[in-house]
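Reader: Got a minute to go through this one with me? I'd like to talk helix packing and then the chain contacts.

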Amino acid sequence: MDFPILSTLIFLPLVSSFFILISRDKKNNNSAIYISLFSSIATFILSLFVWYSLDLNSADFQFVEEKSWINNFIKFKLGIDGISIPFIVLTTLVTPICIISCINSIKDRVKDFLIAILILETFMIGVFCSLDLVVFYLFFEAGLIPMFLIIGVWGGPRKVYSAFKFFLFTLLGSVLMLVAIIVIYWLTGTTDVTQIYEIKIPKEYQYLLWLAFFSSFAVKMPMWPVHTWLPDAHVEAPTAGSVILAAILLKMAGYGFLRFSLPMFPVASEYFTPLIYILSIIAIIYTSLIALMQEDMKKLIAYSSVAHMGYVTLGIFTFTKQGIEGSIFQMISHGLISAALFLCVGVLYDRLNSRMINTYGGLVNYLPIYSFLFIVFVLAGLGLPGTSGFLGEFLVLTGTFQKNYVVAMLATIGVILGATYMLWLTKRVIFGNVNNEQVKNLKDVNSLEKLMLTTLAILVIFFGFYPAPLMDTINISVDNLINNYESAIQTSGIN
Amino acid sequence: MLNNINILLPEIFLALSTFSILMIGVFIKNSFNLVFNLSSLIILVTIAIILNSSNDEIKIFLDSFTRDAYSNFFKILILISSLFVLNASKNYILDIKLGKFEYPIIILLSILGMFFMISANDIILFYLGLELQSLSLYILASIDRDNVKSTESGIKYFVLSALSSGLLLYGCSLLYGFTGSTNFDLIANQLNKENVGAVFAMVFILVGLAFKVSAVPFHMWTPDVYEGAPTAITSYFAVAPKVAGLAVLIKFMSIPFVNILTEWQAIIIFISIASMILGAVAAIGQKNIKRLLAYSSIGHIGYALAGVATGNISGYESSIIYIAIYVVMNVGAFSCLYFLKKDGEYRENISDLSGVSKKHPILSISFLIILFSLAGIPPLGGFFAKFYVFTAVLEQKMYALAIIGLLTTVISAFYYLKIIKTIYFDASVVTFDVVKNNFAKLSVFISCAILLTFFLYPSILNNVVDTLFIN
C-alpha cells in the first residue's frame, strides 16, 4: 500500500479545520458547519474503507507507514490491526454526531468550536494509529489542549475548575509515562512498538515501567481513586465535549493497556493483576453507589462511565479471550451508549437549561419519541440482552469467572446496581408525575436530534443482536495478543 | 596577521560600525530612526559575515580566542534573536518616549561583549567580554531613568551583578593561582581532583555564571529587573544574555573543567532542580506578566541546566536545542506584550488580559500557542525541547532529576493555564488599542509558526547542533 491512507485519515480533519479558519460567514456559521460536517463524514467513510480493506486473517500491523522523523532516533510510524480499527471507526463516527449536536447547543464562537473538535479528532485518530511510543505520547497529550479549551470556553459555571482539574490530572499521569518511554528507549534502543514486542524488556525493569504507564492510563481511564476529574469535566463540558470525552478519550486508556502495557510488560501485568482487580471492583461497586445518589443527570452518567470502565479493566486483565474481547466490545458499546445518553441529556438541557433530575418527570407524556430513545439507551446502559451493553459485560464476566470467581461475583453486583440507578433515573425523568409546568411546553426531538439518536440506537441494537462484524475484526489480533502474552509468561517462569 | 584579522572580522566589524553609528548619533540631531535602522543593518551584515566564515576551529592570539562552529552557532543565535527583539520593540520604545539613539548602540555593545565571552579561550578575555556585556545591561535596565521602577531595577541589577562579577573574578584569580595559566586548554591539563584550590575556584566561577543565567539561588534580581525594566529591555534580557551565559557554561564544562566534571555536576544538578522547582512554584502567585515570565525563565534555565548536568555531549546538545527553542518562545511571548496597549498605556497585569479572545482572536491564539509551548505540551516546539533534555538526562540514568523535572512541568503548566484561562474563559473587560507594530506582528507570527510546525521536522536543530561538538 503506497498511498499513506492512515496519514490521510489523521490529517484530513486538521486540514479541514484550516479551511474553517479561513472561511468567512456573515451571520450564521453555515459554511463552517458544512465544511466540518463534510470533512468529518468523509473521514468516517475513509475509515470504513480502511476497515473494509483490512485483512482480518492476519494479526500483523497493516497499512504501516514509516517516515524518518527525529534523525536516527525515532520514526514516525503508523499502522493498525484488528484492535485499533474499531476505535478509529468509533472516533470518526462520533465526531460528525458531535458536530450535528453543536448546531443546536453551541451559540457562541461556533467556528472556534468546530476547529477544536476537528483538531481533537486528528489527535484521537492519531492515538489509535501510532506504532511508536513517542508518536503515541504526542497524540495522547496533544488532545489535552483542544479538550481543555472545549471545557473551559463553552462549559458551565464551574468550567475553570473542571478544565484545570482535567488538564492537570491527565498531565501528571502522563509525564511519568514520558519518563518510562525514554527509559524504554535507552533499554531497547528503539521506541518502535513492534520492535519492542520482539526485544522483550528485562523483567526487573518491567514493574516500574508498568506502573509509570499505569499512572497515565489509570487517570485517563479513569480508575478509582483518580476518577474524580471525570464527573467534574463531564458536568461542565458542553454536550459535544462530554460525548467525545466519554465515547473516545476514555477509550484511549483501555487501548493503551491493550497495545502497550500487556504486550510490552507481560510479567508486570501478571504481577499487578490483583491491584487492577481490586481497583476495578471498587470502581464498579463504589461508583455505582455514588451514581445512585446523583441529582444531576450528567453526573450520574459520568459515574456510570467510571463503573463501566471498571469492567473494561477487569476484562483486559483476565488475559482470557472472552475477557479481552469483552472489554473491547464493552468499550465500543459504551462509546455508543454513553455518547447517546449525553446527547439525550443535552437535548433536555438545550430546552430547559437544567440537568437536574427533579426538573423533569413525566416526559413520556409530552416527548414520546425522545422517551422511547432514552429508554433504549438506558436499557442498553444497564446491559439488557439484545443491546450491545449486554454482550460486553457478559463476556467480561465470563472471562473473569475463569480466573477468579470471587471477583466475578463482586463484579456482578455492579450489574444489579447499574440496573438500579439507570431504571431509577428513567423512572424519575421519563415517568412519574409532571413536577414542572415547563415540561408541558417542551417540543419533541427535532429532525437533527432524531437523526443522531436513531443512528446510535440502531447501532446499539444491531451490535446487540449481531456482534459478528466487530468480533471477527478483533478476533485474530486478540488471539495473537494472548498467545504472545502466554508465551512471555511461560518463558519468564512465573505461573 | 591578516589571517587573524579575517578570523576576528565579525567582532571587528561590529565594534567599528557600532562606534561609527555612535558618532552619527552624537552629531546628527534626531537620529534615532537612522541609528536604529543602521544597527539592524549591522546585525544583518554581521550575520552574513559569520555565515560566510568557515566553521573550522582556529585559535588565535596565543590561543586566547577561538573561532569554531560552536561559537559561530551561538553568535548567530544571539544576533537573530537581538534582531527580532530590537525591531519588534521599536514602536514601543518610541511610544514610551525612550527614543534615544543610545538604545540600539548599547545593545550592539552588549552583543560584542557576548561575542568575546563565547569565543574566549582565556579567562582574561572571557572576563572582559563578560564585563562589557554586563555594563551594557546595567545601562539598559535603567534606561528609562525618570521611571522609579526602571532605575531601581538598574541599581539592583548593578549591585548584585557587580558582586557576582567579583566572585567570578576571584574564582578566576584562584584558578590562575592553582593552575599557573589563564588559558582554558592549559588549565584543563593542570586540573585534577586533587587540586582542591581549583575546585574552590570552580565554585566561584560557577556562582558568577549562574547569576548571569539567573539560576536559583542566584536569581533574586530576575523578577525585579524583568518587571522594572521597559518591556523591550526585558525581552532582550530574557533572550540574549541567557544564550551567552549557557554557551559559556557549557564551554567551561567541556574545556577547562573537564577533569573535575563530577564536582561541577553535583552543583549543576542542585542548581537545576532548585531552578525548576522555584520557577514552577513562585510563578503561581504572580499578577504581573513580566514577573511571571521572569519566574518562567528561571524554570526554563533549570531545564536547560538539566541537560548540562549530564556532563556529556548529547546532554549539551539537548541544552543548546532547549535554549534555541526557549529563545523562539520568549521572543514571541514578549512581542505579544507590545499589543497590550490601552489608552496609550501598556498593560502588564494578567487581569488585563481578561476575555481578550473575544476582541483579539489572533493575539489570543498566539498567546495560546506560545504558552502551551512554554508549558511543554505536545505537539508544540516546547515539548520537543523538554523531550530532548530528558532523553539526555535519562541516558545518564539520572532518574531523580528527570522525574522532578517532569513533575515541575506539571506545576508550571498550572500558571500557564491560568493565563490561558484569563484570556479565553473569563469575561471580556478591555479592548486594546490598535497597535501598528508590524515587526512585532511578524515576530509573533514567526515564533508561532516555528512552534506549530516544529513537529513536522523535529530534527532540524539536531542536525545543526550535532556539528558543534565534532572536535
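**Helix packing and chain contacts**

Author: Sure. Keep in mind that this is a predicted model. In chain B, helix 17 (residues 361–375) and helix 19 (residues 399–424) pack with their axes 9 Å apart, at an angle of about 170 degrees.

Reader: So are helix 17 and helix 19 of chain B roughly parallel or antiparallel?

Author: Roughly antiparallel, because the angle is over 145 degrees.

Reader: And what's the make-up of that contact by class?

Author: The contact of helix 17 with helix 19 in chain B has 11 nonpolar and three polar residues, and no charged ones. Among them, B:Phe367 and B:Leu371 come from helix 17, and B:Tyr416 and B:Ile420 from helix 19.

Reader: How about helix 6 and helix 7 of chain B, what angle do they pack at?

Author: About 155 degrees, with the axes of helix 6 (residues 102–119) and helix 7 (residues 123–141) 7 Å apart. Helix 6 of chain B passes helix 7 of chain B in a left-handed crossing. Residues making the contact include B:Gly113 and B:Phe116 of helix 6 and B:Gly129 and B:Leu132 of helix 7. By class, that contact divides into 14 nonpolar, five polar and no charged residues.

Reader: Switching topic: how many residues of chain A are in contact with chain B?

Author: 26 residues of chain A, and they meet 25 residues of chain B.

Reader: Which helix of chain A gives the largest share of that side?

Author: Helix 7 of chain A, with 14 residues. The side of chain A that touches chain B has 22 nonpolar, two polar and two charged residues.

Technical notes
Residues are numbered from 1 along each chain as its sequence is written. Chains are lettered from A and ligands numbered from 1 in the order in which they are written. This is a predicted model: local features need pLDDT of at least 70, side-chain atom pairs count only at pLDDT 80 or more; totals for chains, interfaces and linings use all residues. Two residues are in contact if their C-beta atoms, placed from the backbone, lie within 7 Å. Helices (H or I, at least four residues) and strands (E, at least two) are DSSP runs, numbered from the N terminus. Ala, Val, Leu, Ile, Met, Phe, Trp, Tyr, Cys and Pro count as nonpolar, Asp, Glu, Lys and Arg as charged, and the others, Gly among them, as polar. Axes are lines fitted to C-alpha atoms, for helices over the stretch in contact, and angles run from 0 to 180 degrees between N-to-C directions. Angles under 35 degrees count as roughly parallel, over 145 as roughly antiparallel, 65 to 115 as roughly perpendicular and the rest as oblique. A crossing is left-handed if the near helix is turned anticlockwise from the far one by less than a right angle, and right-handed if clockwise.
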